[in-house]
Amino acid sequence: MGSFTHCIRHINRCARAYREERLGPLGLHGGQAMFITHVCRHPGVSQEGLGRHVLLSKSNVTRRLMALEQDGFVRRESDPGDRRVMRVYPTERALALLPEIERVQAEWQAALTEGFTDEEQAVLEKLLERMLARAEALTADFAAGKKEGD
């Protein structure tokens, strides 16, 4: 049996290529859809909170958000209560693209599970949710920015 982590990584790379192909003509590339989706669903999310959600370093999140801002998908504002906190909001352009992003995601999921019974899909979803919960628990300190020995 092959490594399931290899399969997950490879599926993720394929999903990214699929999104790139479908969403590229709309001006989206790479992992931007994930950022846009989260910001649209959570307007005003802190830049740090977004980083925790996507498990990227602060500098990577900042770079990606700068690109999204330049492309007109998000805007960033300092939190009035704490000027150190940057809040991220979707633009009208991002909100207009959200249904298409969600459609492409649903299309991808349907294509991946084509031929699966409803029961197989339910079992797969439950197993993946359990794995996700375990992965999040194992990386909670990392996601919170803590290092070993802190």
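## From Arg 52 through the helices to the pocket

Arg 52 counts as partly exposed because its relative accessibility is 40%, where buried means under 20% relative accessible area, exposed over 50%, and partly exposed in between, computed with a 1.4 Å probe on protein chains only. The model is predicted, so that local features need pLDDT of at least 70 and side-chain atom pairs count only at pLDDT 80 or more, while totals for chains, interfaces and linings use all residues. Residues are numbered from 1 along each chain as its sequence is written, and side-chain values use heavy atoms, with hydrogens and water left out.

Arg 52 belongs to helix H3, which covers residues 47-54; helices (H or I, at least four residues) and strands (E, at least two) are DSSP runs numbered from the N terminus. From C-alpha to C-alpha, Arg 52 lies 9.3 Å from Ala 140, although the two are 88 residues apart in sequence.

The chain as a whole contains seven helices and three strands, arranged along the sequence in the pattern α-α-β-α-α-β-β-α-α-α. Its C-alpha atoms fill a box of roughly 50 × 45 × 20 Å along the principal axes, and 27% of its 150 residues count as buried. Where contact means heavy atoms within 4.5 Å, 53% of the contacts between residues at least 6 apart in sequence join residues at least 24 apart.

One such stretch of the chain to follow begins at helix H3 and leads into H4. In the loop between H3 and H4 sits Leu 55, a residue that is not a glycine and yet has a positive phi of about 55 degrees. Leu 55 counts as partly exposed because its relative accessibility is 42%. The two helices on either side of this loop pack with their axes 9 Å apart and at an angle of about 110 degrees; here axes are lines fitted to C-alpha atoms, for helices over the stretch in contact, and angles run from 0 to 180 degrees between N-to-C directions. H3 and H4 are therefore roughly perpendicular to each other, given that 65 to 115 degrees counts as roughly perpendicular, under 35 as roughly parallel, over 145 as roughly antiparallel and the rest as oblique. Gln 47, Glu 48, Leu 50, Gly 51 and Val 54 of H3 make the contact with Lys 58, Val 61, Thr 62 and Leu 65 of H4. These residues divide into four nonpolar, three polar and two charged, with Ala, Val, Leu, Ile, Met, Phe, Trp, Tyr, Cys and Pro counted as nonpolar, Asp, Glu, Lys and Arg as charged, and the others, Gly among them, as polar.

Helix H4 (residues 58-70) also meets helix H2 (residues 32-41), and their axes come within 11 Å and cross at roughly 85 degrees, which means that H2 is roughly perpendicular to H4. From H2, the residues Gln 32, Phe 35 and Ile 36 meet Val 61, Arg 64, Leu 65 and Leu 68 of H4, a contact with five nonpolar, one polar and one charged residues. An α-helix has 3.6 residues a turn, so residues three or four places apart point the same way. H2 is mostly covered, with eight of its 10 residues buried, including Gln 32, Phe 35 and Ile 36.

In helix H1, the residue to inspect is Tyr 18, which is buried because its relative accessible area is 14%. Not counting residues up to four places away in sequence, Tyr 18 touches Val 104, Glu 107 and Trp 108. The C-alpha atoms of Tyr 18 and Trp 108 are separated by 7.7 Å, with their positions 90 residues apart along the chain.

The empty spaces remain. On a 1 Å grid over the protein atoms alone, a cavity is a set of points where a 1.4 Å probe fits but cannot get out, a pocket is an open set with protein on both sides within 12 Å along at least five of seven lines, and lining residues have an atom within 4 Å of a point. The largest pocket holds about 2400 Å³ of space, and of the 46 residues lining it, Ile 8, Ile 11, Asn 12, Leu 128 and Leu 132 are the closest to its centre. H1 gives the most to this lining, with 11 residues, and the lining has 23 nonpolar, 12 polar and 11 charged residues. A search of the whole structure finds one cavity of 30 Å³ or more, lined by Arg 19, Glu 20, Leu 23, Leu 28, His 29, Gly 30 and Ala 33.

Key:
Grid points are joined across faces, edges and corners, and a volume is the space filled by probe spheres set on the points.
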